[in-house]
Amino acid sequence: MKNSKILLLIIACLIVACCPCRKNGSKYRKPMQETNWRMVQFEGRTFDAGERYYIVFHTNGRLEGYAGCNRFSADYTVGENGLLSITSVNSSQQECADRNDGRFISMFSSIDHLEMDGSLMMLLSSGELVAIFEEAPVSR
């Protein structure tokens with residue numbers, strides 16, 4: 001059991017290390033805060049979110065975003081080496097035809113790490129890549 005957990009962690013690290021998003025390098029790194037981040041990959045699948053799924057980390061420790069039809073906010077802290085804690089997730093309660101809305105918002109309670117690479121930001125949970133966001137202008 002212990003060996004299988006270690007193997008899964010190694011595989012997750014390799015997947016993140018080999019991610020094609022690494023091509024952007026740190027030369028074009030965008031700041032995590034006050035940047036509009038649009039989701040482009042969710043749970044291992046390319047996601048054409050347009051402007052419907054985005055997040056913004058504000059400098060005051062608040063995260064806000066839009067999840068297809070519901071707006072949401074949360075508190076966050078970033079520690080060393082990309083450790084990320086997201087708490088107090090709140091959202092509007094509109095009934096949505098888009099099934100990804102609820103999954104997207106609930107994802108934030110499990111995220112514990114972020115990695116930045118160029119114009120991309122990757123959110124991870126227990127070493128597994130959950131979502132990739134790209135820097136993009138968002139009209140609100």
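Of the 140 residues in the chain of this predicted model, buried residues make up 41%. With the whole chain displayed, the accessible surface comes to about 8200 Å², and carbon and sulfur atoms contribute 52% of that area.

**The overall fold**

Colour the chain by secondary structure: 2 helices and 9 strands should appear. Followed along the sequence, these elements come in the pattern α-β-β-β-β-β-β-α-β-β-β. Among the contacts with a separation of 6 or more, 51% link residues that lie 24 or more positions apart.

**The β5–β6 hairpin**

Select residues 71–78, strand β5, together with residues 84–91, strand β6; the two strands run antiparallel and are joined by 6 bridges. At one end of the selection, Val-78 stands opposite Leu-84 of β6. Next, pick out the 5 residues between the strands, where Asn-81 adopts a positive phi near 55°.

**Helix α2**

Move to residues 100–107, helix α2, and show the side chains of its buried residues: Asn-100, Asp-101, Phe-104, Ile-105 and Met-107. Why do they lie on the same side of α2? Around the axis they cover an arc of only 155°, which puts them on that one side. An α-helix has 3.6 residues a turn, so residues three or four places apart point the same way.

**The nonpolar core**

Two of these helix residues lead to the next selection. Phe-104 and Met-107 are among the residues with the most contacts inside the largest nonpolar core, a set of 27 residues; Ile-55, Leu-123 and Phe-133 complete that group. In soluble globular proteins, nonpolar side chains tend to be buried together.

Centre the view on Ile-55. Beyond its neighbours within four places in sequence, Ile-55 contacts Phe-104, Leu-123 and Phe-133, and its partners also include Trp-37, Leu-63, Phe-72, Phe-108 and Met-121. Polar and charged residues can be found on the list as well, including Thr-35, Asn-36 and Glu-64.

**Ala-131 in strand β9**

Finally, select residues 128–135, strand β9, and locate Ala-131 within that strand. Is Ala-131 buried or exposed? Ala-131 is buried, because its relative accessible area is 0%. Which residues does Ala-131 contact, leaving aside its neighbours within four places in sequence? They are Met-39, Gln-41, Phe-42, Met-107, Met-121, Met-122 and Leu-123. Met-107 brings the view back to helix α2, where Met-107 is one of the buried residues. To close the tour, draw a distance from the C-alpha atom of Ala-131 to that of Phe-104: the two residues are 27 residues apart along the chain, and these atoms are separated by 9.2 Å.

Definitions and conventions. Residues numbered from 1 in each chain as written. Predicted model: local features only at pLDDT ≥ 70, side-chain atom pairs only at ≥ 80, totals over all residues. Heavy atoms only, no water. Buried < 20%, exposed > 50% of the residue type's maximum accessible area, 1.4 Å probe, protein only. Helix = DSSP H or I, 4+ residues; strand = E, 2+ residues; numbered from the N terminus. Arc of directions from axis to C-beta. Contact = heavy atoms within 4.5 Å. Core = buried A, V, L, I, M, F, W, Y, C linked by side-chain atoms within 4.5 Å. Areas by Shrake-Rupley, 256 points an atom, 1.4 Å probe, with all protein chains shown as cover. Pairing = 2+ DSSP bridges.
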